[in-house]
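User: I am new to this structure and would like to understand one part of it properly. Please take a close look at a single sheet and show me how it sits in the rest of the chain.

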Amino acid sequence: MLRNLSLMEIPLLKSWIHNNVMEGLTEAMVDPASVDINFNKVGPTLMGQTFSKKEKAKTQLAQGVLTVHVKGYPPRNAVSEDIRYVVLNIGTRKRQTHEVPATEEWEDVCSFFIYNLATEKIKIKSKCMRLITSTTLEQKEVNLSSFPFQVNSVCETTVDNKDGSKMVLTMHYTALPPIKTTEVEESQSSKSNTLAGVMYICCHGATNVLAADKTGASDPYCVVFCDRKRVLTTPFIPRTRNPHWESWVEFFVRDYTMSSFSFFVYDWDGTNTINDDFLGSVHFRMSESQPEVIKRTLTLGYNKPDEGFSEDKKCGQITFTAVFRPVESVSKSEKFHQLMKSYKPNDYLYKEDLMSPSTMMPAGLPGRRSTAASTYMNDLLSNKVIVELTILQGKDMVAMDRNGFSDPFCIVSVKDKKVFTTSVKKKTLFPKWNETVTLEMSLVDAHNLTIDVFDKDVISKDFMGTLRLSLDELKELSLKGTSEWYSLDKIKNGKFYHSLIQINCNITIELSEGCHSVIFTEIANLFRTRNNLRFIKKLSNMCQSLVTEL
């Protein structure tokens, strides 16, 4: 976080965050130069491994859906500078209402999965935000067992706070019918006029997937997307070409007939590998006349640059179940939490996803014209190269300390200006960083990108080696799409040491005309808003979409 502060353009905010972080580390008696935090392993888990209590709770289907309509009233003597919002929790499920000034009335709608009406409760936290600090003003609990949802599906309660504010909760409970996936033929269920509700996706397994490992098999797992948002990652099954996952997920949809579903199958190569091997994908949509798809088997395929998506029997087949259960109240909650759509038609998730229905430009649709904002942005980024550099690891490093080891770290520089510094790896000659930086280089006066490796000492740092890469070399590495080992230039006491460093990079050179026009038009419109906090939140979403385009 301290490293990312160097990118901030607000000196006052930058200094304030830096001072608070350093004071917190000092009080905790932690070395500010190195903080070790243990994270869980990234990626799919091994099939059959032990789950935590929270994960075990997700192995049962939801009994029903509770949609909560919250109407909020301001407190006495409210100050307009205060921003209020509410956090609702039912178990591990959390929803946050939108932020509003403390002097205004507000309302929001959110839906929750309910697994046990008799034991679950709603925890309500009233929060206030000033500047960038948030505090909990009051916390209440509402037991669901105290309401007769089995008799009356709609119940209402009022929550009063000490400051005079209150919230009126209108709760609508809908029981979900059970799902039967044992039928061989797809059932013809009764049609419903409601297109919003709960979607159930079960990824049963695959057959004859590609062999990506030297053993003649793979470690396959599947990633499921709904409208370009990941909803499920199955466990990986080692050493097989016929995996049986039987993994499922439930989630809310506003209109299941407009939702596109994608299944991507990969070979798990371990936590130290950046990109797993792609084995195949498939895409499909559901229709209003067929809200259930029971154990459907489709052939996997991949994208061909000139022909689009193409099925290939060599990639194997995948079997899945998709069942939609209508819940009318979900349509009210999903419109409050609808994700911002992509502004760029070919902003796909993966290179293989060029033919995903949500990424296709409708035929005959004219391209967007570039506005003044996009013209300015194109001029700003013209003749520029966006380099995403990943420093993976090193080996055979020079021993700089008396214990026979080193404490290596890397400094990335462009035009002799430091742009990134990795973390320090203690007492090792084989450091593993796996850290990424995105930087900008010029096409006109291309300079070398330099990676200097140093040994961290208490007071100073010892030079261990350097790597210089030209722009052409970076382009070549980006086209390969794989990581490469490079030798570090280092001479010590007349001896030449062959230390190695492994890196990977991805380069974006050209920007399509007008691809930023809509984003920057929206950003310009946001400057007229009166709510600064809401402006910052929307601006953050806009910038995130822009980064995805770049």
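Analyst: What follows is a walk through one open sheet of four strands, and then through some places elsewhere in the chain.

A word on the model comes before the details. This is a predicted model, in which local features need pLDDT of at least 70 and side-chain atom pairs count only at pLDDT 80 or more, while totals for chains, interfaces and linings use all residues. Residues are numbered from 1 along each chain as its sequence is written, and side-chain values use heavy atoms, with hydrogens and water left out.

Now for the setting. The protein chain has eight helices and 29 strands; helices (H or I, at least four residues) and strands (E, at least two) are DSSP runs, numbered from the N terminus. The chain has 550 residues, and 42% of them count as buried. Buried means under 20% relative accessible area, exposed means over 50%, and partly exposed lies in between (1.4 Å probe, protein chains only).

Here is the sheet itself. Reading across it, the order of its strands is β22-β21-β24-β25, and their pairing is antiparallel. Two strands pair if DSSP finds at least two bridges between them. Which strands stand at the edges? They are β22 (417–421) and β25 (461–469), and each has a single partner strand, so one side of each is left without a neighbour in the sheet. On average, neighbouring strands here are turned by 30° against each other, direction ignored; such angles run from 0 to 180 degrees between N-to-C directions, along lines fitted to C-alpha atoms. As general background, the strands of a sheet pair through backbone hydrogen bonds, either parallel or antiparallel.

A good strand to follow is β24, which covers residues 449–456. It is mostly covered, for seven of its eight residues are buried. On one side β24 is joined to β21 (residues 408–414) by seven antiparallel bridges. If you look for one of the residue pairs there, find Val-414 and its bridge partner Leu-449 in β24. Strand β24 also pairs with β25, again in the antiparallel sense, over eight bridges. Along that pairing you can find Thr-450 opposite Arg-468 in β25, and Val-453 opposite Gly-465. β24 and β25 form a hairpin, with four residues between the two strands.

Step back along the chain from β21 and you meet a loop. It runs between β20 (384–395) and β21, and it holds Asp-396. What is the phi of Asp-396? It is near 55°, a positive value in a residue other than glycine. Most residues other than glycine have a negative phi. Asp-396 is partly exposed, because its relative accessible area is 41%.

Elsewhere in the chain, Glu-246 is another residue with a positive phi, about 50°, although it is not a glycine. Glu-246 is found in a strand, β13. With a relative accessible area of 48%, Glu-246 counts as partly exposed. Strand β13 covers residues 244–253, and His-244 lies in it too. Is His-244 buried or exposed? It is exposed, because its relative accessible area is 57%. His-244 also has a relation to Cys-203: the two are 41 residues apart in sequence and 8.5 Å apart in space, from C-alpha to C-alpha.

To set beside the sheet you asked about, there is another open sheet of four strands, with the order β5-β1-β9-β8 and antiparallel pairing. At its edges stand β5 (106–114) and β8 (154–160), each with a single partner strand, so one side of each is left without a neighbour in the sheet. Its neighbouring strands are turned by 20° against each other on average, direction ignored. Edge strand β8 is joined to β9 (residues 166–175) by seven bridges, and the two run antiparallel. Within this pairing, Cys-155 stands opposite Met-171 in β9.

If you return to the first sheet with the structure open, begin at β24, with seven of its eight residues buried. From there, trace its seven bridges with β21, and then its eight bridges with β25.
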